[in-house]
Amino acid sequence: MSASFQEKSIRFRLNGTWRDASVEPHLLLADFLRDRLGLKGTRKGCDVEICGACTVLVNGRPVSSCATPAFEVDGKSVTTIEGLAQGDLLHPIQEAFWDEGGLECGYCTPGMILATHALLSENPEPTDQDIKHCLSSNICRCTGYVTIVAAMKRAAQLLKQNAAGISSLPTSHERRLDGAPKVRGEPIYTGDLVRPGMLYAKILRSPLPHAVIKNIDVAAAEKLPGVVAVLTRDDLRDINPYFGPLVKDQAVLALDRVRYEGDPVAAVAATREEIAAEALSLIHVAYEELEPVLSIDEALAGDAPKIHEAISEHGERFPGYPGVDEEATKYRNVSFHFGWSKGDVAKGFADSYREFEHTFYFSKVAHCSLEPHLALAEWRDGTLTVWSSTQHPFLVQQELAEMFKLAKDNVRVIVPYVGGAYGNKNHTKLEPLAAALARKANRPVFLSLTAEDTFRTVSKPAMRIHIKTGVSQDGFLVARESVVHVDSGAYSDAGPRVTQKAGYRVHGPYRIPHIKSDAYAVYTNTVPAGAFRGMGTPQVVWAYESHMDMIAHEMGWDPVEFRLKNLMEKGDDFSPGDTPVDCDMKEGLRRVAQEIGWGKPLEPDSGIGVGCALKDGGGNYKISEARVEIDSNGKVTLFTATVEIGQGSNTALRKIAACELGIAPDKIELASLDTAHTPLDFGTYASSGTTVMGLAVQRAAQAAKAQMIDGARSLTGVSDAVFELKDGLVRVGEIAVSFQDAVRHLKGASGLVIGHGRYESVRDANIIMGAKAPFWEVSWGAAKIKVDRDTGEIKILKFVSIADVGKAINPQQCHSQETGAMVQGIGQAFFEQTVYDNGIMVNPGLINYRVPGVYDLPEELVTILFENGNGPGPHGAKGMGESGLLTVPSAIGNALYNAVGVRLTELPLTPERVWRAIHQRGKERRMKG
């Protein structure tokens, strides 16, 4: 084949400058821009023209560069996100997105901005419908779209003002500190990294849900030119191949058998990604197929095939997890059991006027962060370095050290920017496989999953929740017994933690004298299940809030008044010894009912539903450390291991430190997250950043502040006055000492003032969860809907969400977090569900799996922040961000019943299920009539 046929010469205009290049026919525009030209602001997400992260402009029109051949831009003009700003001057659209907070993790932001540019170039005054139509080709999994819509409207205003010669438009919003680089497309994510000699990896996955591996033949793959290493189970004999936060049951590669369709069997590292993919087709695996166990009931059957022959705890237990107890060993496919009780449940039911018993189902859901799972590993002089988009860098470091038999200091984990994470990047995922391949290849190895493969890596677990409740004649809850079964898939992952939290929280925010709760993590031959925004709480809230409404309607009680009669009061004990409830649950319920119009007349087929939820937040056992350094030039640097996943922690933590040090937050430099020099943090989860890490940061800043004051006192000789830090100076009266002078006086010309801060939970064996919750994360939600009886479609007319945040460090970001969580709740309520056919997932990837888009927003949305200063964090702050998701499905389900009289107990509430329920109810009524 001639070189001229293999490559095509093209000439195109890139961001205003004509360029010449030679490209292969198969080279995609996204890869050309990113890999050949270094324009990393073009992001890769779905690879199937759906998510919009790869959007660029070709002759002013938005195109998906992930599916456009590079040669098609010949003779055309191409604009990427890097071409909008002029030096330090942002484009008005970029300014608008920053002003309105139309970004979180930043991964989708370049595509959103370029789509907006195309719209406003053609239509300077778009309507709401025009904006929604434009956004229908772009997905944001973080913001919930509201701030993006606001940003697009503001961009239109700014462009109009600029055309009229008006240079600025006032804004009341306090902008997030990482906004400017994100709207420029500048942040470096793990997928943007390149190391000298780097290889590209691909994973061979099992096509079967359950089978014994008889033989693996890699000879042909190893001979393929460009292949450097092929990894199989035979390469893992000299390491500890298992990992997992509690039950270490997942191996780097399947060793004896595969346990779900998608289980990694082998991996290839090659000089090019397409070579690695071709090599996979040359690997031949002989399987002996086994009967798959695909549901909770199948797994619990007495004669069910065992998915794991042994269940054990290997190595150090992740803090906060209880051990695997005797109850778990009674069942063939149960990896973990959690149970707790108070009072005398048998007596409580005996004393009850009525008993109610219902079972609820919550389907498996995909996380769908636009940045896929990925890791880059490199060995050098006996030291392993891994770059990863993980929420748990220190846990990954610990597990890698244990697995490869290294001292912890010889493992380094670096976390660049992370493009969205809702629990799917908790704990260890791809890092061991990338490290093992790099070890064998003796070269750096980059492993990035496709969007479809991320679906086969981790999921939100399905649950079955059975609740039995006894009530008194006058409407008080007397007793509750709950059994929760968590489908944790083929391996434990965070399933035990989810099970523990679900079992602990399943009785809800209600005063119930007698409680018994049991929860089981159940193995099935499906994708492993882990955390997803709320750690088991959304599933149990769906159950107990539906259950509360069902009781109220059966007894003829008003559902809001029934809840108000039973809600916990501030100061009540959720369980013996845990932190008392720190909020007014009744205040929130009254407010959300008022905002939604509870009790007011409604149109036919319309209904209102409410829900409230309470979860222990901040992590039950958490250590967070921070360090503040002030150098001899007065520069302030903050070191923390909280991972910025879009939630705004980089802004909140710098604001906390800045408040103590008397400087502007943007004067504080945030050090990159690197376990080699970053202080310890157990992980970014459980809404712990602002509260738990915030306290560590505040204490570190206070420690540095005290030293600066000591330096100023010593330097000035004024020892009996009260100094303050303000504007980079240590002041008392008219006397002012610069940070630079104070540090040099204390530490010399090259010295550092260092302040350390630490938060650590106090273990207590007498507390059910092992330690007190730092705070309670609280949510109230209400939905007003209209149901189309002919199609079963539900339209949300209005949704009200209230969060108790204590103190909003960044109010704009808090509202955006609440909205983003709420929209994720809409997806889980209406259509999100991974579907299996005989153990094979039939809808991996965004072609067949739908996530919420801008058209799924409620017609009216109200988010309210309660700022009562009741949190333990800096300035009375509490964690939030998960709360907005918790009540959405139950509020909608309750509204559905009030609208058309049908009660569904299984999610999602698809139009087909709603339509069938309506027609079944009509049929039953006709038969009775």
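A polar contact is a pair of N or O atoms within 3.5 Å; within protein, one atom must be able to donate a hydrogen and the other to accept it, and residues adjacent in sequence count only if both atoms are side-chain atoms. The model is predicted, with local features requiring pLDDT of at least 70 and side-chain atom pairs pLDDT 80 or more, while totals for chains, interfaces and linings use all residues. Residues are numbered from 1 along each chain as its sequence is written, and side-chain values use heavy atoms, without hydrogens and water.

**Exercise 1.** Determine which backbone oxygen lies 2.6 Å from a polar side-chain atom of Ser546, and describe the setting of Ser546.

*Solution.* Step 1: Ser546 belongs to helix α16 (residues 537-555); helices are DSSP runs of H or I with at least four residues, and strands are runs of E with at least two, numbered from the N terminus. Step 2: the relative accessibility of Ser546 is 1%, so Ser546 is buried (under 20% relative accessible area; exposed is over 50%, partly exposed in between; 1.4 Å probe, protein chains only). Step 3: the backbone oxygen is that of Trp542.

**Exercise 2.** Establish the strand order of the open sheet that contains β28, β29 and β30, and identify its edges.

*Solution.* Step 1: the order is β28-β29-β30, with antiparallel pairing (two strands pair if DSSP finds at least two bridges between them). Step 2: β28 (724-726) and β30 (735-738) are the edges, because each has a single partner strand. Step 3: β29 (residues 729-732) is joined to β30 by four bridges, and Val730 has Val737 as its bridge partner in β30.
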